[in-house]
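Thanks, everyone; I would like to walk you through a few local features of one model this morning, and I will give the criteria as they come up.

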Amino acid sequence: MTDSRAKSSPIAEAPERGRGKGVALLIIASCQLMVVLDITIVNIALPHIQTSLGFSTESLSWVINAYTLTFGGLLLLGGRLGDILGRRRVFVFGVLLFVLASLLGGLSQESWQLLAARALQGVGGAIASPTALSLITTTFREGPERNRAFGVFAAVSAGGSAIGLLAGGLLVEWLDWRWVLFVNVPIGLLIALATPRYIRESERHPGHFDLLGALTSTLGMVLLVYGFIRASEDGWTDALTVGAFVGAVVFLALFLAVERRSRQPITPLRMFRDRNRAGAYGMMLSLAAAMFGMFFFLTLFVQNILDFSPLRAGLAFLPVSAIIAVSAGLASQLLPRWGPKPFMVVGAILAAAGLGWLTLTDVNSTYLGSILGPILVFGFGMGMQFVSLTLMAVSGVAPREAGAASGVLNATQQVGGSLGLSILVTVFGTASRDEATSQVPRFLAEATPAQQSEFRRTGELPAPWGDQVLASGVSSAFVVAAVFSVVAALIALLVVQVRSSDLERLRGGGAMGPPTVDEESTAEGTDSEERPGEDGRGADTHDAGVRIRKPGGGEGSPPLG
């Protein structure tokens, strides 16, 4: 048996330059797109799913939540699996599990069958997504080549939600709701078949698997995500909401205690000692909160107030995906010159400006006059940030911990989105109830007897009074979403530093060989008993009472700024 220490580095094993690496990037990006858009592509189909499978209005949200819960809860575990078992094989397993769950979901005849399939999809996504990101670090050389790859990955991650709205609208309108799930089957099978041909296996880093850390992190993350979901539906004072958050705090505190004592932790806490990496995680938390809220409330607005069909609503968000791709491409080209910080600061400010512009929307707004401009500004800012954040979060991480770093980045995005959406829904509900207080007397004074009878039966204000209530709630939600982006800008301005070693990595001029123990200890803050190389393998540095209508680098490097 060949000793793993004799293997070449992951970079040396990667496909040759040219077409091979281009296809490898296409495979990785396709997987990330499939996983990211799965929430919004199903969101468009919710009314049809409700009619077909007999979901109640209260239970329908779990078509989304079942996926979100398992996906967010298992991301840390999924990222670490690739480090230990080999990223390619874990990646393929996650994709095939996602495919199987999609097929079962499309074939569902009962509501419980679909919910079980959606939960299984989340498991597959939590395994495949962080492994896909870590594969970039072992397939593409540090410098411009990896910058471009991260640019594509970041564009897909940020624009996937908008693409999902378009794809969902097309499939529902032209085929059937089941195709929002069936479409994953051929795509996933192609990814699984092409992966062994174009992506070589990364070096495995076997050792003790942190079972207690995996258990406490998974339980803590599941309870945390469930708490946010429950808060958005039943309020922050609901007993189960409070219980979920208390349980999350307990398990996550246990997780931190376990990780501090583990010799081979599932999430090495020393990664957070790098202020730039910690800042990137904090920014991702804030920006995901803003982005999830923007897509959710604009979907409400364009379908309920502008009366867009699902297909037209999907097309309305297509420019966001396009501008994110353009912005991410530009940022990846210019990063080596200025470093990530300027793009983080300017991008967060642009995102905040776009969301601030959206606060001006009202019942008289139009798509071209009031929405297109703000979402283009927002999208351009998000594209600049996502590529910078992705690079910052995994830059300088030892190859054996790339999966863990990727898992944390994905987890902060998922938790940030769930947290932000629950906060924004609460703000929306409060503002809507306040507006309804003033609209109900007007409605009773102006409405026909038939309209008043329907209102007494349903408690739902019809247009134009209901539109006023909805528009007021959406506008208020955008105010808080803009605040989230401002918080991200402050983190970028006050926490992130431009260091000489970071610029060297981005230019591909950093040391390509294994670091000394002292260098790696400085770069990662490694405790003496946890230094890479301890197992003889070494490490590589580069590596309202009134209801509203709703649609279904190294620490030691001197800072330059």
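When I say helix or strand, I mean a DSSP run, H or I of at least four residues for helices and E of at least two for strands, numbered from the N terminus. This is a predicted model, in which local features need pLDDT of at least 70, side-chain atom pairs count only at pLDDT 80 or more, and totals for chains, interfaces and linings use all residues. Residues are numbered from 1 along each chain as its sequence is written, and side-chain values use heavy atoms, with hydrogens and water left out.

Let me start with Ala-393, which sits in helix H19, residues 367–394. Ala-393 has a relative accessible area of 0%, so it counts as buried (under 20%, against over 50% for exposed and partly exposed in between, with a 1.4 Å probe and protein chains only). Its C-alpha atom lies 9.6 Å from that of Asp-274, although 119 residues separate the two along the chain.

Turning to helix H17, residues 318–338, its 21 residues should span 30 Å at 1.5 Å a residue, and the end C-alpha atoms are indeed 30 Å apart (the expected span being 1.5 Å times one less than the number of residues). There is nevertheless a kink of about 35° at Ser-332, shortly before Pro-336, where the bend is the angle between axes fitted to the seven residues ending there and the seven starting there. The buried residues of H17 include Ile-323, Ser-327, Ser-332 and Pro-336, and just after the helix Gly-339 takes a positive phi of about 80°.
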